[in-house]
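The exercises below concern a predicted model. Work through each task with the sequence and coordinates open, and then compare your reasoning with the solution.

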Amino acid sequence: MERCDVLVVGGGLVGCAAAWHLAAAGASVTLVDAADFGLGASGQNAGSLHFQIERRFLEQGDALARQAEQTIALSRMAIEDWRGLEAALDADLHVVMDGGFMVAETAEQVTMLERKVEREIREGLRMRLLDGDEARRIAPYLSPSILAAGYAADEGHADSRAIVPAYAAAARRAGARLIGRTRLDRLQRVGGGFEAGAGDLSIRAGQLLVAAGAWTPHICAMANLHAPLYPVALLMNVTERSRTLEVPHLVQHVGRRLSMKQTGAGNILIGGGWPSRLARTADGGFDPGVRPELIGDSLAGNLRAAIDTVPAVAGLNLIRSWTGVTAVSADQLPVVGEVPRLPGFWIAGGGSAFTLGPTFARLVAQAIGGTPAPELDFVSPARFEHLNSFMG
């Protein structure tokens, strides 16, 4: 029986980062992942560092938009975390933070954008509202159809394929034990801690952090808990390298599903939340372990939005499209913190886990170590505690 202070389940960005912070603070840490590290959503997303309130909150009405305002405090912290991350990890993560636009093409979208920027400025985010001509003076690649844009000076992007290996290496240097390709088959409360295992491997830990993305509900079920996270399948695309088109900013759209940025090699990454189709298990459930099916209408809609926003993209060849699975909560906000009915059992997952992931990991590791992190109160699993009131 192995023993550790904290067992982390999930080897993505948040899991590896939390393991690093915990080990660096002196805790004995073991991390277990069913596959190789970073193969899930952490390594399949497009690497956007988006600090403006996301369109998915705005399209659900004012109530959810007001709720999303609370994420701005975390975004301000995330900006500082990302700016220092390459030095802290001693790794090249291709972090570029040259600013980002959220554009509008219609009068209705301009009104939505104005209200969004007002909220963001009120909450302390560095934002400017630009008319179309002002936006094109900074970003001449934008379409003449763009009427206005919210400009966030700190937005940008990073290489999603580099971040998890860098965190994993830092965690190992700090003394954490990372175990890949090991799927837990048991987990239970034992005394004041937890006992987990996979085959011949048995681990007893004082505390447990589940950061397993779309697999988090399955891990929590082993401990007789409901986790309010649901798998969703998304689409990403990349064009050939461009020698003439330069897009140094993150580009999003307030009324259409779109995110765009350019890699250091010149490729244009295009995404923004267009759905793919989740695979099914034999009994009809969703299977996040199988690559989702690409939906043709999503591909066409995503590329149409990209071309309408940056017309020069139409001259580039699409070289690859891929799908991936992430997890969202019932209220779209992340779920990060200790489960009230099971002290020592922590969850970290949900939306924006790339942009906000380094900050989630740092704060939850701080809380596990005994120093409260009140910044996480509004994303605590406690808001879904009623789901577990009948779980015995």
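**Exercise 1.** Identify which residues of helix H11 are buried, and decide what this says about the surroundings of the helix.

*Solution.* Begin with the list itself: the buried residues of H11 are Gly357, Pro358, Thr359, Phe360, Ala361, Leu363, Val364, Ala365, Ala367 and Ile368, where buried means under 20% relative accessible area. Next, set this list against the length of the helix, which covers residues 357-368 and has twelve residues. Because ten of the twelve residues are buried, H11 is largely enclosed by the rest of the structure.

**Exercise 2.** Compare the span of H11 with its expected value, and examine the backbone at Gly370, which follows the helix.

*Solution.* From its first C-alpha to its last, H11 reaches 16 Å, which is close to the 16 Å expected at 1.5 Å a residue. After the helix comes Gly370, whose phi is positive, near 110°.

**Exercise 3.** Determine how strand E13 (residues 250-253) pairs with E4 and E14, and where its side chains point.

*Solution.* Take first strand E4 (residues 100-104), which runs parallel to E13 and is joined to it by four bridges; within this pairing, Gly100 has Leu250 as its bridge partner. Turn then to strand E14 (residues 259-262), which pairs with E13 in the antiparallel sense over two bridges, with Met260 as the bridge partner of Val251. The connection from E13 to E14 is a hairpin through five residues. Finally, consider the side chains of E13: Leu250 and Gln252 point one way, Val251 and His253 point the other way, and all are buried.

Terms used
Residues numbered from 1 in each chain as written. Predicted model: local features only at pLDDT ≥ 70, side-chain atom pairs only at ≥ 80, totals over all residues. Heavy atoms only, no water. Buried < 20%, exposed > 50% of the residue type's maximum accessible area, 1.4 Å probe, protein only. Pairing = 2+ DSSP bridges. Expected span 1.5 Å × (residues − 1).
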